[in-house]
Every structure is written in structure tokens, then in C-alpha cells.
Amino acid sequence: MTDSTKPTAVQALREINRAFYAQETVSQDELRKLMRLKLDSLYSLRMNKTTSGGEGATIAAISTAIANKECALYSHSRDFKTYKKAVVATSSLIRGFADRNLRHRRDTLRVMISELLLGIEPVPKYLLSFINQNAKKSSNTTVSTVVGIDDDRWIELLEVIHQETEYHTTPFLQRLVADVSVPPVGLNAAAALASMAEHAGAPDGTIPEYDKADSKVLLRKVTVQGFRGAPEEISVDLAMHDKPVCLLLWGDNGVGKSTVIDGIEFALQGRVDRSADFNSGLRPSVKNLAVPMASATVQLTDGTSVERQLKSNDVGRDVTSSVAIRPGFRIAPLAIRRADILRFLDTETLSRSMIFFDYFPSAGGTLGLRPDEQLRMLEEERFTLRLLRDKTAEELLEHYPASKVNFTNQTHFENFLQNKIRQAKRRRTDNSDPLAWAAPVVRELISSLKDIHGRLSKIKKTLERGIENLNPILYRDQLSRIAPVLHSVTDDLTASFQRLTKADHVDSIQVLVAKSGPVSLDVLVTFKNGKTAFPQQVFSEAYKDLIALLFFLSVTKKAGDYGQAKILILDDVLQSVDSTVRVEVMDYVLEEFKGWQIIITGHDRSWLNQLRPLFNNRGVPVLERHITRWSFDGGIYISDSTWTTVSSLRNALDRSDPLASASATGLLLEQVCQELSWRVQASIIRRKDDRYTLNDLWSGVAKVLKKSTLVKVLVEDVNKNIALRNLLGGHYNSWAAGISWRDVSDFGEAALRLHESVHCSECRTWIEKRDATSISCKCHKLTL
């Protein structure tokens, strides 16, 4: 069978349908009548006929009509869901035929259905149960004898159907790279855009010149009070030895990490999560419910501080204090959040560039606003204006109670006003002042209400229009500033994606601005074989997340080139990046954002353990803070990385609790060993999956520490009672109650002194091997 005579999958299914229908005693007229019915009606009709014991020939005609209609639908849609329905419909036709035939033919029909459904999942239960009864072909019965299709022709039809099934069930990227002869549906749009881009060149627009006065300003300290989950004042230092450093802020979900990040954004930019809408019932409340006012203060490295407050106004709405936005915090949002990644992925391409409309605002203005944020602000303004309208209308009605006019209605108000003006004109010769008839207080009320009604009318029209992503004029100014930035992301995006994923089959990732629409933003992936596709067509969720993150990182870095303060906040955003490339992504960030103050939040402790050595290897000073718990009354509790183990041991010793003391001592020693084993390059016997206990690590670490005379004494003090860790702190022993409290106390105190000798209280770093001969902390206060 040549390609020219080879049928399509739809033709193959229709040929099978005709062959089985030909075996039934139903006229063509009846089939034509059934074909006029809607598909849903046909399914219902077949169900009724089947349950009521209808004639087999009639049911066969209905099944044939269903199968033909499903084939017709697939010939237009070409999607897998419709294709499965077409194959299942043909299989159902054969299943009904089996019920009306001799038992010896049913085995062959079972095999035929099984062969048709190969690769189709899930198989409907009624077909699966029929197949599994005895799916074994009879030696005396062939396809040709059952239905009249030649056996060789049946094999040819099956081959076509199986190829179609394989096409739909093969991952898109695998089909694309294999360079199939028939291009998958949807690629033509990507190819067309790529062709347009080749001839269109860079988009029009110019990036403004911004004030770079704050370009070198970093954060020293952030303090929040009455803010989000913190009713009381909490502070986080971001400096070490009077120099700004990076920060790893860790804690479980829901304990308040975002409170600190939102406080920084609120103080410096007057918004939270890129929004200045502080009254929405659909967003987390910025102001803590237990306090009347929220405040956030950020101390900067230039010696200045920025404080912003949020409190209720006269109409009960939360508003911010009037504090100007500093130049270094205007060009781009401070934080990249998981919500930003999702917004990038979920926004249709026709509107996607609007996500970045709060980047690169006009040089002399305030912060930029996205169109969706502008609409939210208009909603908030409308709410306030309605309250003022109702209050003003009520006051005006007090002066004209007999009129019974509903002054909150603009038409009624204007009609009342026109009537009053006409009456005044008939009585006066001087009509230069149309409100001369009104008392001063009434004039003021009328003027205010007129302005309110006019503004509400404009807001209503704007909100009704919504986001006009096909309007080439409305957003022209914003687009002219951001388009050159977005267009320039192409080279960075391609290089970083290839470096991090090692995806050799990807040739480039191209960014197209305002090509498919006035404010569109398309991302195209071009493969080595010349094929072009959209990321959502070919990439996994992890890769799509990665592209979005790299996009935001690139735009943020360019903002730093134009005067934005070099502060990068990644709020729990790296958790969504695939674990196989997460370390590479962070190493890339540390390299590309060298000299930036980086703040990272997260909850995965294993990820935290991977981050520490990355900062250390790059020589980037970093503080580590943990939010250990949260309560409604007390708020957020913040500690450094050793707070939990050290303070737990001290508390247990203060209570004279031998079991808790031995357990906390063991945990502290485990932490010391985990931190020092790689820092001092101790000899450790390798374990499967690199899972080690205190016994595995202690001897190697102790051997290195003993090289210092001072620390050697501490190690020996620990060794004297280290068995207590298992006797009391690790296992239950009925006779352990007889162990002396003094031995337990000495064990705990020795561990605390050892910790103090290897973890510096000044620079808050562990001792480690700095060169071939020295082991010290970063500030060299502790040296072996």
C-alpha cells in the first residue's frame, strides 16, 4: 500500500463502521434520519433502546450513527480526546454486533476490539470486561468470515489506526525532535511568529534615563510592627560587622516569612505583592487584626531610614502615609514571588507584556502600574467615592427635604439641578452664575456632588472597558519603555536556559514583543532541527517555571543597570524549580548577581543545607535566620540557625531535666559534626545515601579538633560522657534513672563550650579550613 492509497485514521474507522453496518438489516433512510440527531441525543437514545430491550438492528444503526459522527468531529478537531471517542465508538459498534452473533464468532470480535483499543487509556469498563472474558482468536473464524473485511486489509487499517494512536500518545517534544513528516497541530502559529520576527527587527521605544543616586544603597535592618502576622515589633538585621550581607530566612509555611519580605516592600515601595490595594477582601490583610496601625521601617546603608505606616482613614479604609518613593526603588519590584511565576505562565500572550508595566516607569513619575492594578485602584477609589456620594447626598437632601430627590442617582441629581437653574433664570436678569440662587453651603455640596458623580461615571466606563489588550494607543507609553528591555532578554534567556538544563536539542529561546498583538509578549523555542514551538507546547511544568524565573531575573538585573538598588528578594520561588537544576540555578544567581544583596526565603530544610555551601564557595557573606513559630498573640519568633539546639539545651539544663538535657546535647553535637565534617575536611567513612549518625561523624571531627590544645580539652570533656547520649537521650533504659545529674550536666556544658569554640558569636560563621595550614571563622576570632 503506497502513501497515496494509504487511508487516514478517520477513513480507516469509517471503513470498519461501514463493514459492520452492512451486516445489519437497516435501511439507509433510517441511518440518514439518525445522522440528523445531535450526538448527545444519539447516546441517550441508544441507552434507552438497550435498557428497554430494543431491536438489535435499530441499536446497530444508532451505534453506526454515533461512530460516524465521532469520526466527523475528530476530522475537524484533531485532538486526542476526540480521537479516543471515535475509536471507542467504533469498538462499541463491534461490541453490539457481538451480542447478536453466534458464540463462536465472539472470540474473534474480542480480539478485534482489543487490537483497535491498543494504546487507548482508559478503556471503558463495558468494553474491558468483554475483552477479558476470553480474548483468544478462534482457529476456525477469521475477520473476513465475521465481517467481510479481508484479513490483510484489516491489518492495513489497524496499522493506520495504531500510527495515529502512537502519534497522540507520544510526548510532543519527542515527536518534534524526531522530525515527523506531518507537523503537529499548533506549530504553524509559532513558525509564523518566528518568520515575522526575522523581518521585523527590534521594537520601537527608548529606556528612560533614571536617577542613579540610590544605585549603591543596600539594606541594614528591617523592622515591622502591627504588620501581617506580627502584632508586636520584630526586627531582622541584614548587616554583619557593619556591612550589608545576604539573608537566608527559613521557616515552615504559615509562620510569617512573607511578613518580613512584605515589610521591606511596603516601606520602600508603598505596596505589598506589587499591589497598593490594602482593602481587598480577597487578599491577606496587611494590617494585623490586633492593632490599629501597621508600620514598617527599613534602615539603609547610606545612614537614612524609610518608614511607612498603614492606618484607617475617615471612611474606614486603610491608607498609607505619604512617603516619597526613593529613586533606587522605583524601577522594578523588589521581590520575585511564586505568584509572579504563575502570573507569567497563566497570562495569555496577548496581554503578557502588561505583567512588566510596573517595571521601568516614566523617569519623573512614581511607581509604574500594571493595567490590572490600575483597575483595582479604580475599584478602591469607586468604593470611597460612593461613600462620599451617599454622605453628600444625605446632607443636600436635608436642605430640600420636600423634593424627595434621590441625589445618589446622577440623573435625578442633574434633573433637580436643571430645574432649579431654569427657575432662577426666570426670576433673574443676571444669569452669569447659574448657582447664584443657592446658599454657600448648598453651593459647596452641589459642587462636590457634581464632581463625585462625574468621576464615578468615568470610573464606571473605564472598568466596563477592562483591559484593552488590542488597543494600540492606550498603553503605548508604557510599552515604549519596557519593550526594549523585554526584547533584549532573548540572549540572556537562551544562554542561561542552555547552561542550566544542558538541553542540547534547544537552539534558542526568542522573546517577541508586540508581534501577535499591540501589547503581546510571545516566547518561542527553536530546536536544532529547525522546528519552532511555544514553551507550553513542548516543555514540562518545571522547565516552564524555569523560563519564567529566568525572565524575571534578567529584567531585574537590567533594572540594576539603570539605577535600581541592587537588592534581589526571592520569596519561596526556588521551591518550584526542578530539584535537578535548583542548585545550578542558585549558583547562576550568585554569579550573575555578584555584589547584590540577595534575600531568599524557603521552608525546605534540605534545600537550605544545599544553599549554605553555595554562598560559602562563592565567598558571599550571608546571615541565616529561622522563624521557629507563630502565635496569634505573640506573633513571629525569629532565631539564628543555632537557636533551636543551643537554647533547647540551655532550657533543659536550667530545668535540671536529665532526659531532655541528654537528648538536646546529642542534637547539638550532631549539628556541630554535620557543619564541621566538610568544613574542616574530616575523614569520614562513606555511607549509602550520605546519611550519617553522631557515631559516624564524631571520631573524624574530634581528630581534627584535637590539633588545637584548647579545643582538645573540650573534646575530651565531651568524650567522657558521650555514652549518655544513647543511654538517656536516644533510647529508653529503665536503669538510666540512676545516672548522676552531675554527669549529665557536665556533658551538656561541655557540648555548649565546644559549640562556642567552633561557631563564632561575632561573624556567626563556623570555623573551616581557609588554606593548607589554618582553620578559622570568617573574622578569624576563632582559630585552631
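Is Asp-252 buried, partly exposed or exposed, and what is its relative accessible area? In this predicted model, Asp-252 has a relative accessible area of 38% and is therefore partly exposed, since that class lies between the limits of 20% for buried and 50% for exposed residues.

**Salt bridges**

The side chain of Asp-252 meets that of Arg-605 in a salt bridge, with a distance of 3.2 Å from N to O. This pair links distant parts of the chain, as Asp-252 belongs to the loop between S5 and helix H12 (257-269) while Arg-605 belongs to helix H22, 353 residues apart. Arg-605, like its partner, falls in the partly exposed class, and its relative accessibility is 47%. Side chains of opposite charge can pair when their charged atoms come close. In this model the count of salt bridges comes to 40, and three of the pairs are set out below.

| Pair | N to O distance | Relative accessibility of each residue |
|---|---|---|
| Asp-252 and Arg-605 | 3.2 Å | Asp-252 38%; Arg-605 47% |
| Arg-370 and Asp-372 | 3.1 Å | Arg-370 1%; Asp-372 24% |
| Glu-768 and Arg-770 | 3.8 Å | Glu-768 10%; Arg-770 31% |

In the pair of Arg-370 and Asp-372, the closest N and O atoms are 3.1 Å apart; Arg-370 counts as buried because its relative accessibility of 1% is under the 20% limit, whereas Asp-372, at 24%, counts as partly exposed. Both residues also belong to a network of salt bridges that links Arg-274, Asp-340, Arg-343, Asp-358, Arg-370, Asp-372, Glu-373 and Arg-376. The pair of Glu-768 and Arg-770, with its closest N and O atoms 3.8 Å apart, likewise joins a buried residue, Glu-768 at 10%, to a partly exposed one, Arg-770 at 31%.

**The cavity and strand S15**

A search of the whole structure finds one cavity of 30 Å³ or more, and about 340 Å³ of space lies in the largest cavity. Rolling a probe the size of a water molecule over the atoms shows where empty space is left. The lining of the largest cavity consists of 21 residues, and those nearest its centre are Val-622, Glu-624, Arg-679, Arg-764 and Thr-765. By character, the lining residues divide into 10 charged, seven nonpolar and four polar. Helix H22 (605-617), S15 and helix H24 (658-679) each contribute at least two residues to this lining, and the largest share, four residues, comes from S15.

Strand S15 spans residues 622-631 and also holds Trp-630. Together with Leu-289 and Phe-632, Trp-630 makes a nonpolar surface patch of about 380 Å². Why can Trp-630 be called partly exposed? The reason is its relative accessible area of 38%, which lies between the 20% and 50% limits of that class.

**A buried loop residue**

Val-245 is placed in the loop between strand S4 (243-244) and strand S5 (246-251). With a relative accessibility of 4%, Val-245 counts as buried, because this value is under the 20% limit. The C-alpha atom of Val-245 is separated by 41 Å from that of Phe-527, a residue 282 positions away along the chain.

Definitions and conventions: Residues are numbered from 1 along each chain as its sequence is written. This is a predicted model: local features need pLDDT of at least 70, side-chain atom pairs count only at pLDDT 80 or more; totals for chains, interfaces and linings use all residues. Side-chain values use heavy atoms; hydrogens and water are left out. Patches are made of residues with over 30% relative accessible area and no salt bridge: like charges are joined within 9 Å, nonpolar side chains (Val, Leu, Ile, Met, Phe, Trp, Tyr) within 5 Å. Accessible areas come from the Shrake-Rupley method with a 1.4 Å probe; for residues, only the protein chains shown count as cover. A salt bridge is a side-chain nitrogen of Lys or Arg within 4 Å of a carboxyl oxygen of Asp or Glu. Buried means under 20% relative accessible area, exposed over 50%, partly exposed in between (1.4 Å probe, protein chains only). On a 1 Å grid over the protein atoms alone, a cavity is a set of points where a 1.4 Å probe fits but cannot get out, and a pocket is an open set with protein on both sides within 12 Å along at least five of seven lines; lining residues have an atom within 4 Å of a point. Grid points are joined across faces, edges and corners, and a volume is the space filled by probe spheres set on the points. Ala, Val, Leu, Ile, Met, Phe, Trp, Tyr, Cys and Pro count as nonpolar, Asp, Glu, Lys and Arg as charged, and the others, Gly among them, as polar.
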